[in-house]
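Student: I would like to take a close look at a single part of this structure. Please treat the matter in one connected account.

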Amino acid sequence: MVYSSSWYDKKYDVERSCGAVDLSNDKAATKELLDNSSHYFLISYKIYD
């Protein structure tokens, strides 16, 4: 699940941010977002007894 991501644009000296509301609707936008953004992963789990 990705909503938004940011990156530093050296050319314009700014931090940019972009995202898509529903990544499944536009494969090209999804690919562009993931190719140009840093990736962060959050992994969680629950242990039941």
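How many salt bridges does the count come to, and what surrounds the residues involved?

Tutor: The model is a predicted one, and the count comes to one salt bridge. The partners are R16 and D9, whose side chains meet with a nitrogen-to-oxygen distance of 2.6 Å. That value lies within the 4 Å allowed between a side-chain nitrogen of Lys or Arg and a carboxyl oxygen of Asp or Glu, and the pair therefore qualifies.

The acidic partner may be taken up before the basic one. D9 belongs to strand β1, which covers residues 5-9. Its relative accessibility is 15%; because buried means under 20%, D9 is classed as buried. R16, by contrast, has a relative accessible area of 32%, and since the partly exposed class lies between 20% and 50%, R16 is placed there. The salt bridge thus joins the side chains of R16 and D9, with D9 buried and R16 partly exposed.

The side chain of D9 has a further polar neighbour. One of its polar atoms lies 3.0 Å from the backbone nitrogen of K11. When neighbours within four places in sequence are set aside, the residues in contact with D9 are V14 and R16. R16 therefore appears both in the contact list of D9 and as its salt-bridge partner, by the 4 Å criterion.

Strand β1 also holds S6. At a relative accessibility of 32%, S6 counts as partly exposed. The C-alpha atoms of S6 and S17 are 4.1 Å apart in space, although eleven residues separate S6 from S17 in sequence.

The setting of this part can be stated briefly. The protein chain contains one helix and two strands, in the order β-β-α from the N terminus. It has 49 residues, of which 12% count as buried, and D9 is one of the residues so classed. The chain exposes about 4900 Å², with carbon and sulfur atoms supplying 55% of that area. Among contacts between residues at least 6 apart in sequence, 23% join residues at least 24 apart.

As to confidence, the chain averages a pLDDT of 76, and 76% of the residues score at least 70. Confidence is highest in β1, at 80, and lowest in helix α1 (residues 27-35), at a mean of 76. D9 and S6 both lie in β1, the element with the highest confidence.

How values were computed. Residues numbered from 1 in each chain as written. Heavy atoms only, no water. Helix = DSSP H or I, 4+ residues; strand = E, 2+ residues; numbered from the N terminus. Buried < 20%, exposed > 50% of the residue type's maximum accessible area, 1.4 Å probe, protein only. Polar contact = N/O pair within 3.5 Å; in protein donor to acceptor, adjacent residues only side chain to side chain. Contact = heavy atoms within 4.5 Å. Areas by Shrake-Rupley, 256 points an atom, 1.4 Å probe, with all protein chains shown as cover. pLDDT = per-residue confidence, 0-100.
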